[in-house]
Amino acid sequence: MAPQNVPPLEVPLHRLVKRQEAAALLAEFGTLLPGGHLALIGADGRVYAGSAEWKRAELQRWQPQAGEGQSTCAGGVVFQPVFVQSRYVGALVARAEGDASPGPLVERTLRCLQTSLTLLLHQALETRDVVSETLARYREINLLYRIGETIGHCLEAEEIPRLVLGEVHRIIEADVGAVIMLAVPVTGTSEGVRSIAASFGADETVCVLHEASRAAMERACDTGQPIIVDLTCFPQPVDTGLGTVLCAPIKTPEHTLGALVLGRFREQPEFTAGDGKLVMALAHQAAISLETARLHQEEVQQQRLAEELEIGRTIQLSLLPASCPVVSGWEFAATYRPARQVGGDLYDFIQLPTDVLIRDEPGLLGMVIADVTGKGIPAALFMAFSRTVIRSEAMNGRSPATIMQRTNRLIVQDMRYRLFLSAFYAALDTRSGHLTYANGGHNWPLWYQADGNATRWLAAPGCVLGAFEEVEPEERAVAIGPGDVLVFYTDGVTEARNPEGGLFGEERLKATVEAHADASAQELQEAILAAVEEFTDGTSLSDDLTLFVVKRQA
Amino acid sequence: MKAWNQMAIVIHQVQARVPVTIMQLHGELDASHYLDVIAQARELYAAGTRHLLLDLSDLSFMASSGLVALHSIALIMRGREPPDPEHGRKASPPRAKGVEGGLVANCKILNPQPPVSWALEVSGFKAFLEVCADLETALASF
């Protein structure tokens, strides 16, 4: 019944206008046709409203002509087609009383009725569109709410692609789908190593989808918008029957994480813009969830690291001397300032075996300062090991050079620790002031000589311990006179930085020592710390700072 | 990252008596970058570098972690896997034992600045890694 080449309306007439409304309208207009019959027929030829006396055979004789608003007359019946949005909906038909030919009155009446009915139908269509849109938004919101509940609480980055793809597959019909992730999030584009994090569909089809979507993924990631590609327009190395591909980027404002890709076979309807919009919403949720999972993972790692550092610090602090030696004629002061991370500094005082004990005071005192490369628990454990070895060798009466050599050998032979240790060991005869020392690659201690008011370094060639199979440190000896000061330190002192990046350095340390040479060991230590603090001007320490001062009283 | 501890690595290839790869380090080498330096050396060795010259002429500072990097690079150039600097646990016995009087033959250092030279001196690394004053001498030494 519908005109040729005129597509019928998608929604039947009875879904747009209630019969009662149409019948009321026809009844009112029908009063203008006394004795006439007026009816509204649908595009399927059935009488929708109005007089039921029309016979199907009569109605089927009429074929509406092209052109909206054109009424035709056939056999005393006037047909007025009704078009809505350029689509044929039905027709108004009228017959005059008796067999009289319908006159202009009938035609005008039908045209007025058609105008009113068309207006009614337009309003109904708009309402239907609004309802449809509202329903679609409701479904979308409901979906996103459910997605948020399902995926938003997931903190396992490996699970999120599977969850997202599962939800997409529930909502949007697709024959194959995949979540493609970049191995390392990149800024801006989709360059990078890609991998399939989740998929559905036949394996070979998924592979084809993965390759075929490469260009689409690049474009989608660049624009931040979903893209629909018709694969039938491009030659494919393997024909899997794929027709259209929908690709939505998974990206945060800073990084492209990957893409959500769906494919339909050729015989299936193409993806629509609405599909793209929905998939984009899911991809956006996936990006948020992945970013949240990443941040959570970082937080967990940082927490673990902080716990590890705390354990390392506890170990380290437990190995430092509880107090300085008390020896007549000598002053000792020591300090340890930890940086943000445990650095593995070590200092120790060892009462060495001697035949003579002077009032139960150490006649021969071993002094160690050391610095382990590395941080955290491994460095702390290595420090503990090294301290034990040095102590043991020292207590066995070894010379300083031998202690360094044997410590190095034991570290290398043990092979569990792959860290280095710089160490300086000195043995002090507290009666005579004779100092014997050897260096294992550590910062040379300062020696202020009261007699001559000169400062020099306790230089001794050596090598860090644990790096090389054999080391041959030189052993040297000096005489510490009355009023002399020794300053042992780690590079946390000399490599302390000011806000401009300058280093405190050996020369500033030397100048500070010379300026406070007459002070007590404790006062000198405090002066050095104050000088470092003043220099760094609030800049936090990047490495542990360890310092001890030995002064022979005048 | 504070402004002063930036570091850049520049690679050059030079044909001396043998092919020599020059790894220039610019800036400062500390705990922030030493792993990058080790990774770069590993890449070079995997790509076929067998003679490496570390140009430290533009390196203004080297922390103790820089020594770890040099040690690891020396091991890498000897075809051995260095220890994990961060965790320090590995079963392999890589130690850079020097040859010809203690020096590592195929990995050398070029023209370190005084602070870096001092660190190499004190740490004893000069006994194992030859330090050359100029490029010509360095290349001729391979």
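In this predicted model, strand S4(A) sends Val77(A), Phe79(A), Pro81(A) and Phe83(A) to one side, while Val78(A), Gln80(A), Val82(A) and Val84(A) point the other way, and all of these residues are buried. Such a pattern has a familiar background: in a regular strand, side chains alternate between the two faces of the sheet. The strand spans residues 77–84 of chain A, and because eight of its eight residues are buried, S4(A) is largely enclosed by the rest of the structure.

The strands that pair with S4(A) come next. Strand S3 of chain A, covering residues 72–74, runs antiparallel to S4(A) and is joined to it by three bridges. Within this pairing, Cys73(A) sits opposite Val78(A). The two strands make a hairpin with two residues between them, and in the turn Gly75(A) has a positive phi of about 60°. Strand S5 of chain A, residues 87–95, also pairs with S4(A) in the antiparallel sense, here over eight bridges. Val78(A) turns up again in this pairing, standing opposite Ala94(A) in S5(A). S4(A) and S5(A) likewise form a hairpin with two residues between them, in whose turn Gln85(A) has a positive phi of about 50°.

Elsewhere in chain A, Phe332(A) is a good residue to look up in the structure. It belongs to strand S11, which runs from residue 330 to residue 337. Phe332(A) counts as buried because 21 C-beta neighbours fall inside 10 Å, the cut-off for this class being 20 or more. Beyond its neighbours within four places in sequence, Phe332(A) is in contact with Cys324(A), Pro325(A), Ala521(A), Phe548(A) and Val550(A). For Val550(A), the C-alpha atom is separated from that of Phe332(A) by 4.8 Å, although the two residues are 218 residues apart along the chain.

On the scale of the whole model, attention turns to the nonpolar cores. In soluble globular proteins, nonpolar side chains tend to be buried together. The largest nonpolar core here has 112 residues, and Tyr425(A) and Ile73(B) are those with the most contacts inside it. Helix H9 of chain A, residues 376–395, gives the most to this core, contributing 10 residues. On the chain B side, leaving out residues up to four places away in sequence, Ile73(B) touches Ile38(B), Ala41(B), Leu52(B) and Cys107(B). Another core, of 46 residues, lies apart from the largest one and includes Ile151(A), Leu165(A), Leu242(A) and Cys247(A).

How values were computed
Residues are numbered from 1 along each chain as its sequence is written. Chains are lettered from A and ligands numbered from 1 in the order in which they are written. This is a predicted model: local features need pLDDT of at least 70, side-chain atom pairs count only at pLDDT 80 or more; totals for chains, interfaces and linings use all residues. Helices (H or I, at least four residues) and strands (E, at least two) are DSSP runs, numbered from the N terminus. A residue is buried if 20 or more other C-beta atoms lie within 10 Å of its own, exposed if 12 or fewer, and partly exposed in between; C-beta atoms are placed from the backbone. Two residues are in contact if their C-beta atoms, placed from the backbone, lie within 7 Å. Two strands pair if DSSP finds at least two bridges between them. A nonpolar core is a set of buried Ala, Val, Leu, Ile, Met, Phe, Trp, Tyr and Cys residues joined through C-beta atoms within 7 Å.
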